[in-house]
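Colleague: I should like to request a close look at a single part of this model. Please present it as one connected account that a first-year student could follow.

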Amino acid sequence: MSEQNQGNQAPAKKMLESSPLSGIAVPIAIVLVGGLIIFGVTKMLSTGKNHRDLVEEMNSKTFGNRWVAAYELSKFLAGQKIPAEDMPWVIENLSRVYKESVDSRTRNFVVLALGSLNNPLALNVLNAALEDQDPQVKFNAVVSLGNMSPGAAIQWDKIEALLQQDTDPGLKQVALLTMAAHNRPTTQEKAHSLLTSPEKTLRYSAAIVLIQYKSIDAIPVLEEILNLRYDVAQAGELNGAQVEGLKVNVLENLEKSKWNDLLKLVEKVEQDDTNVKVTTKAKQVLKVLKN
């Protein structure tokens with residue numbers, strides 16, 4: 001069965017949940033959660049409406065309220081399946097709104113709505129949004145493309161260009177994440193180029209991506225991650241929960257890759273780390289690496 005005929009069923013695992021970087025906290029002010037509660041909108045503003053009602057409402061709204069309608073639709077599509085026969089109509093309407101809208105909030109929620117559908121018909125707009133002037137729209141376009149099914153016709157030249165530009169570290173991070181999620185041939189090369197980045201989270205992202213390639217160049221950065229303290233409170237530093245997530249993420253990827261060259265490093269974590277969740281995971285990883 002083709003994707004066009006599957007409705008908007010979500011993929012088995014989302015990129016941000018199953019990728020090598022799922023424990024990385026994106027250091028950017030335009031994260032998805034922030035977008036969904038923008039201007040105090042914290043819940044569905046209308047009830048009892050289906051996708052067709054919401055699309056018609058979005059089309060009928062004036063400039064000032066259109067983004068609210070787009071928000072409602074994005075929330076609906078993220079949580080509801082729609083009939084396969086309605087998919088082209090919904091995507092056509094969303095695509096038109098994106099192209100016509102001068103309001104970045106509306107474009108942003110349209111991108112979120114299209115991304116939730118995981119349908120190849122949405123690729124034209126999502127690829128175009130990679131060059132949107134608004135960084136939040138661009139960020140969510142990258143995330144949406146990362147969650148598309150393998151083999152999707154993504155314009156990879158635009159994704160890779162984000163890694164070369166003087167862009168926000170968070171945008172570079174999700175660009176690399178998207179490449180890793182789709183196993184792009186140049187992922188290893190791009191990750192290597194970020195290992196020496198002055199931005200910690202970019203270094204950490206690159207090192208975790210490189211675990212699957214068993215790159216020895218990543219080992220010093222992986223050691224840096226696994227030696228992070230939990231009690232650092234300076235502005236701009238990772239908090240304790242983020243440090244825990246990073247360490248567990250590294251250990252999970254070492255377990256998957258069975259990279260036993262890092263056996264001693266994992267043993268040190270199991271013996272010295274003060275976090276029970278991390279040490280427990282280290283014990284699990286040791287069992288795999290020693291077999």
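In which loop does N183 lie? Please begin there, and then continue along the chain.

Modeller: The model is a predicted one. N183 lies in the loop between α10 and α11. Its phi is positive, at about 50°, although N183 is not a glycine. With a relative accessibility of 56%, N183 counts as exposed, because the term applies to values over 50%.

The two helices that flank this loop also serve as partners of helix α9, which covers residues 156–164. The buried residues of α9 are W156, K158, I159, E160, L162 and L163. They pack against α10 (169–181) and α11 (187–194), and also against α7 (123–128) and α8 (135–146).

A second residue can be described in similar terms. K258 is found in the loop between α14 and α15. Phi of K258 is near 55°, again a positive value in a residue other than glycine. At 54% relative accessibility, K258 counts as exposed.

The helices on either side of K258 lead to helix α13, residues 219–226. Its buried residues are V221, L222, I225 and L226. These residues cover an arc of only 140° around the axis, and therefore they lie on the same side of α13. Their packing partners are α12 (200–211), α14 (240–257) and α15 (263–272).

One of these buried residues, L226, is also touched by D273. D273 is located in the loop between α15 and α16 (276–290). Its relative accessibility is 14%, so D273 counts as buried; the limit for that term is under 20%. Leaving aside residues up to four places away in sequence, D273 touches L226, Y230, K247, K268, V278 and T279. With K247, the side chain of D273 makes a polar contact, side chain to side chain, at 2.8 Å.

K247 belongs to α14 and takes part in the meeting of α14 with α16. The axes of these two helices are 9 Å apart, and the helices pack at an angle of about 10°. They are therefore roughly parallel to each other, since angles under 35 degrees are classed in that way. From α14, the residues involved are E244, K247, V248, L251, E252, L254 and E255. From α16, they are K277, V278, K281, A282, Q284, V285, V288 and L289. By class, this contact has 8 nonpolar, 1 polar and 6 charged residues.

Methods:
Residues are numbered from 1 along each chain as its sequence is written. This is a predicted model: local features need pLDDT of at least 70, side-chain atom pairs count only at pLDDT 80 or more; totals for chains, interfaces and linings use all residues. Side-chain values use heavy atoms; hydrogens and water are left out. Buried means under 20% relative accessible area, exposed over 50%, partly exposed in between (1.4 Å probe, protein chains only). Helices (H or I, at least four residues) and strands (E, at least two) are DSSP runs, numbered from the N terminus. The arc is that of the directions from the helix axis to the C-beta atoms. Contact means heavy atoms within 4.5 Å. A polar contact is a pair of N or O atoms within 3.5 Å; within protein, one must be able to donate a hydrogen and the other to accept it, and residues adjacent in sequence count only if both atoms are side-chain atoms. Axes are lines fitted to C-alpha atoms, for helices over the stretch in contact, and angles run from 0 to 180 degrees between N-to-C directions. Angles under 35 degrees count as roughly parallel, over 145 as roughly antiparallel, 65 to 115 as roughly perpendicular and the rest as oblique. Ala, Val, Leu, Ile, Met, Phe, Trp, Tyr, Cys and Pro count as nonpolar, Asp, Glu, Lys and Arg as charged, and the others, Gly among them, as polar.
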